[in-house]
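Me: Please take a close look at one helix of this model and its surroundings. I would like the surface, the packing and the charged contacts in one connected answer.

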Amino acid sequence: MSAAPAGASGAAAPAPLSGGALAMGTLALSLATFMNVLDSSIANVSLPAIAGDLGVSPSQGTWVITSFGVANAISVPLTGWLTQRFGAVRLFTWSVLLFVLASWLCGFAPTLELLIAFRVLQGLVAGPMIPLSQTLLLSSYPAAKAGTALALWGMTTLVAPVVGPLLGGWITDHIHWAWIFYINVPFGLLAAGITWRIYRHRETPTRKLPIDSVGLALLVIWVGALQLMLDKGHELDWFHSGEVIALAVVAVLGFAFFLAWELTEAHPIVDLRLFTGRNFLWGSLTLSVAYGLFFGNVVLLPMWLQQWMGYTATWAGMAMAPVGLLAILLTPLVGKKVAEWDPRRMATGAFLLFALVLWMRSRFTTGNDFTSILIPTLIQGAALSFFFIPLTTLTLAGLPPAKVPSAAGLSNFVRITAGAMGTSVATTLWQDRAITHHAELVEHLQPGVPAADEALRQMQAGGLEPGQALAQLDRLVSQQAYTLAVDDVFLASAAIFLLLVPMVWLTRRPPRRAGAAAVDAGGAH
């Protein structure tokens with residue numbers, strides 16, 4: 001399962017690891033993945049503190065998130081080309097070390113401009129880490145055990161976004177926001193050291209390739225424009241803004257030119273021909289849409305809890321934390337059985353569970369207590385276990401070892417982009433539906449309506465001035481409106497998960513014996 005370059009697929013794959021080397025290698029690669037994914041969400045709850053310390057507005061502070069996302073999205077699909085040029089082990093190790101350096105610089109940044117510059121560097125070097133950790137893990141396990149490798153890898157990828165806000169909130173509240181970056185230093189150095197010691201003799205073949213400078217430039221243009229549009233669209237009122245329209249035009253035209261160029265280039269920076277494989281096409285598409293739904297709702301729930309239910313950042317994180325319980329318990333079972341069971345059935349079960357969880361959340365009211373909010377989150381852990389590993393298995397099934405790094409990088413790129421789109425769509429839809437519900441509720445609270453008059457009378461009897469009573473009533477109406485709106489988003493997401501089930505069955509089942517290895521020919525085309 002060596003990540004050999006194109007044209008070297010005949011090279012013998014290294015023997016699987018065993019014993020302590022396998023355990024330490026898995027730990028190091030999982031730790032690096034966890035650190036990377038954690039950093040994409042840990043800064044979210046720290047933005048007010050960062051903006052205050054650096055003397056900028058909260059809206060300016062969002063560039064701390066945007067800059068990382070744009071740089072990361074650009075670098076992820078370059079993984080395949082970089083791997084062929086430098087080797088998987090060397091590229092992964094240097095990516096981790098540079099990520100550590102960038103994290104350390106972020107913590108020391110005295111101005112917003114420098115912090116953004118260091119976050120761009122951090123995002124750029126972080127790109128190859130996730131797909132290469134996946135590739136190296138697959139090469140460490142025998143074919144029949146590759147499901148276990150994907151299980152461990154998938155668990156870190158899905159639990160980290162949930163832990164991020166909880167850990168980031170605690171660090172910001174009790175230490176200092178800079179430590180959300182400093183915390184990467186010891187763990188990153190440990191992961192890089194162990195990885196190099198175990199894998200340096202398992203380097204993949206390399207070859208010098210011409211640089212597809214035109215493809216790279218077009219990639220930077222259209223991905224950068226798309227990410228900026230998604231990140232800034234809500235703030236600028238989407239297509240009512242000339243800036244958003246301009247970004248959309250640049251993204252569409254850039255993508256069109258990029259597509260035409262890469263499909264005709266002899267040495268493309270991104271191998272789009274992978275989408276000619278049936279399993280890769282439908283697997284990556286299904287995985288990406290599902291991840292966009294999942295990530296959008298992961299962002300939305302704590303926002304609702306903090307803004308309208310009175311939760312602190314720490315408590316909102318605690319409300320999301322139980323998702324890891326069943327994930328940790330069931331993921332090893334899924335990894336073991338994915339080679340025996342039909343991954344399409346497993347993914348179908350995951351989507352049905354996601355739909356159930358989101359339907360339960362669509363019935364939330366302002367009267368829900370902490371326990372009732374935890375129950376769907378706990379169930380969601382089971383859905384996560386049966387979601388990521390089977391879909392990743394289906395996506396990579398049938399690809400030769402030479403194509404695995406490129407395929408992993410491209411599928412992760414599509415997934416990350418879908419996550420950004422899911423977040424933007426979910427938050428925008430939430431705001432729009434809240435405005436609609438607010439208008440409908442206010443119609444029933446006009447002066448002269450007995451319920452409105454009685455509520456105002458009781459508030460004034462409690463000591464509020466008339467203006468204060470009106471403001472309090474408006475706050476209560478807004479709380480109900482945003483709760484009804486978040487219920488709408490949850491219900492729509494549940495319906496889309498049900499619609500995704502048929503897409504899973506457009507893929508072919510991988511060979512039973514090596515289903516999780518994703519390297520047997522004949523499963524993806």
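Reply: What follows is about helix H6 and its contacts, with the other salt bridges taken up afterwards.

The model is predicted, so local features need pLDDT of at least 70 and side-chain atom pairs count only at pLDDT 80 or more, while totals for chains, interfaces and linings use all residues. Residues are numbered from 1 along each chain as its sequence is written, and side-chain values use heavy atoms, leaving out hydrogens and water.

Helix H6 covers residues 88–108; helices here are DSSP runs (H or I, at least four residues), numbered from the N terminus. A nonpolar surface patch of about 680 Å² is made by Trp-94, Leu-97, Leu-98, Leu-101, Trp-104, Phe-108 and Leu-189. H6 gives the largest share of that patch, 6 residues. Patch members have over 30% relative accessible area and no salt bridge, and nonpolar side chains (Val, Leu, Ile, Met, Phe, Trp, Tyr) are joined within 5 Å, like charges within 9 Å. Areas come from the Shrake-Rupley method with a 1.4 Å probe, and for residues only the protein chains shown count as cover. Leu-98, in H6, has 33% relative accessibility and so counts as partly exposed (buried is under 20%, exposed over 50%, partly exposed in between).

H6 packs with helix H11 (residues 184–199) at an angle of about 165°, their axes being 9 Å apart. Axes are lines fitted to C-alpha atoms, for helices over the stretch in contact, and angles run from 0 to 180 degrees between N-to-C directions. The two helices are therefore roughly antiparallel (over 145 degrees; under 35 is roughly parallel, 65 to 115 roughly perpendicular, the rest oblique).

H6 also holds Arg-90, which forms a salt bridge with Glu-203. Their closest N and O atoms are 3.8 Å apart, where the cut-off is a side-chain nitrogen of Lys or Arg within 4 Å of a carboxyl oxygen of Asp or Glu. Glu-203 sits in the loop between H11 and helix H12 (213–232), 113 residues from Arg-90. Arg-90 is partly exposed at 38% relative accessible area, and Glu-203 is partly exposed at 24%.

The structure holds 5 salt bridges. Among them, Lys-403 and Asp-271 meet at 3.1 Å, N to O. Lys-403 lies between helices H19 and H20 and Asp-271 between H13 and H14, so this pair ties together parts 132 residues apart in sequence. Lys-403 is partly exposed at 28%, whereas Asp-271 is buried at 16%. Another is Arg-344 with Asp-342, at 2.9 Å between the closest N and O atoms; both residues are buried.

Notes
Buried < 20%, exposed > 50% of the residue type's maximum accessible area, 1.4 Å probe, protein only.
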